[in-house]
Amino acid sequence: MTNRKGTTPGEADDNDRPRQEDESRGPVPCTDNFFPHPKSPREGHRRIDWYKSVGRSSSVRVRDHTCECTPTIYELCAAGGRAHIRRTERTAQGERVTESPWLRTALVTALWRDLLEGDAR
Ligand SMILES: [Zn+2]
């Protein structure tokens, strides 16, 4: 099984290593609006606890993700009735991947909606 990028799950292991510029998947032009753009965080928005990613297991499915034209992309990941949000920040130093806590899918789906609306970040 491959994810939306066509990479194999094993590649999640090198999350912490800065990548060379030419092999990173930097921001790509926004050619359509099929994928959502998170709104700017509102004042008093909910703070998500971001933890260092331990890598993605092969059973995790990406159910939704934000547009890749922005430096930071978010993915809604689910597995076995639980879900979390995965954040990838792309900087000049490389990619930094962090994850929200694993929670029941319904809770994370609500959190995902809040994130897109600027009510959580
Ligand atoms: Zn875009």
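**Exercise 1. In which strand does Val-97 lie, and is Val-97 buried or exposed?**

*Solution.* Start with the place: Val-97 sits in strand S5, which covers residues 94–99. Keep in mind that this is a predicted model. Next, take the neighbour count: Val-97 has 20 C-beta neighbours inside 10 Å. A residue is buried if 20 or more other C-beta atoms lie within 10 Å of its own. Val-97 therefore counts as buried. As a last step, look across to Arg-87: the two residues are 10 apart in sequence, and their C-alpha atoms are 5.6 Å apart in space.

**Exercise 2. Work out how S5 is joined to S4 and S1.**

*Solution.* Begin with S4. S4 and S5 pair in the antiparallel sense over 6 bridges, and they form a hairpin with 2 residues between them. One pair to look for is Arg-86, whose bridge partner in S5 is Glu-99. Now turn to S1, residues 51–52. S1 also pairs with S5 in the antiparallel sense, over 2 bridges. Here Lys-52 has Thr-98 in S5 as its bridge partner.

**Exercise 3. Follow the pairing from S2 through S3 to S4.**

*Solution.* Take the strands in order.

- S2 and S3 run antiparallel and pair over 4 bridges. They form a hairpin with 6 residues between them.
- Within that pair, Val-62 stands opposite Cys-77 in S3, and His-65 stands opposite Glu-75 in S3.
- S3 is joined to S4 by 8 bridges, again in the antiparallel sense. Ile-73 has Thr-88 in S4 as its bridge partner.
- S3 and S4 form a hairpin with 2 residues between them, and Gly-80 in the turn has a positive phi of about 55 degrees.

To set this in the whole chain, read the elements along the sequence: the pattern is β-β-β-β-β-β-α, that is, 1 helix and 6 strands.

**Exercise 4. Why does Arg-61 count as partly exposed, and which residues does Arg-61 touch?**

*Solution.* First, locate Arg-61 in strand S2, residues 61–65. Second, count: Arg-61 counts as partly exposed because it has 13 C-beta neighbours inside 10 Å. Partly exposed is the range between 12 or fewer, which is exposed, and 20 or more, which is buried. Third, list the contacts, leaving out residues up to four places away in sequence: Arg-61 touches Cys-77, Ala-78 and Ala-79. For Cys-77, with the same exclusion, the list includes Arg-61 together with Val-60, Val-62, Ala-83, His-84 and Arg-86. Finally, check a distance to the turn residue Gly-80: it is 19 residues from Arg-61 in sequence, with 9.7 Å between their C-alpha atoms.

**Exercise 5. Which residues of H1 are buried, and how are they arranged around the axis?**

*Solution.* Check the helix itself before its side chains. H1 has 13 residues, so at 1.5 Å a residue it should span 18 Å; the end C-alpha atoms are 18 Å apart, which agrees. Now pick out the buried residues: Val-108, Leu-111, Trp-112 and Leu-115. They cover an arc of only 105 degrees around the axis, so they lie on the same side of H1. There is a general reason behind such spacing: an α-helix has 3.6 residues a turn, so residues three or four places apart point the same way. What do the buried residues of H1 pack against? They pack against S2, S3, S4 and strand S6, residues 103–104. Just past H1, Gly-118 takes a positive phi of about 85 degrees.

**Exercise 6. Assemble the largest nonpolar core.**

*Solution.* The core has 12 residues: Val-60, Ile-73, Tyr-74, Leu-76, Cys-77, Ala-83, Ile-85, Val-108, Leu-111, Trp-112, Leu-115 and Ala-120. Sort them by element, and you find that S3 (72–79), S4 (82–91) and H1 (105–117) each supply at least two. For the wider view, 20% of the 121 residues of the protein count as buried.

**Exercise 7. Decide where to read the coordinates with care.**

*Solution.* The mean pLDDT is 83, and 75% of the residues reach 70 or more. Among the elements, S1 has the lowest mean, 94, and H1 the highest, 97. Over residues 10–14, however, pLDDT is below 50, and beyond near neighbours in sequence this stretch has 3 contacts in the model. Where pLDDT is low, the predicted coordinates should not be read in detail.

Technical notes. Residues numbered from 1 in each chain as written. Predicted model: local features only at pLDDT ≥ 70, side-chain atom pairs only at ≥ 80, totals over all residues. Core = buried A, V, L, I, M, F, W, Y, C linked by C-beta atoms within 7 Å. Contact = placed C-beta atoms within 7 Å. Expected span 1.5 Å × (residues − 1). Arc of directions from axis to C-beta. Pairing = 2+ DSSP bridges. pLDDT = per-residue confidence, 0-100.
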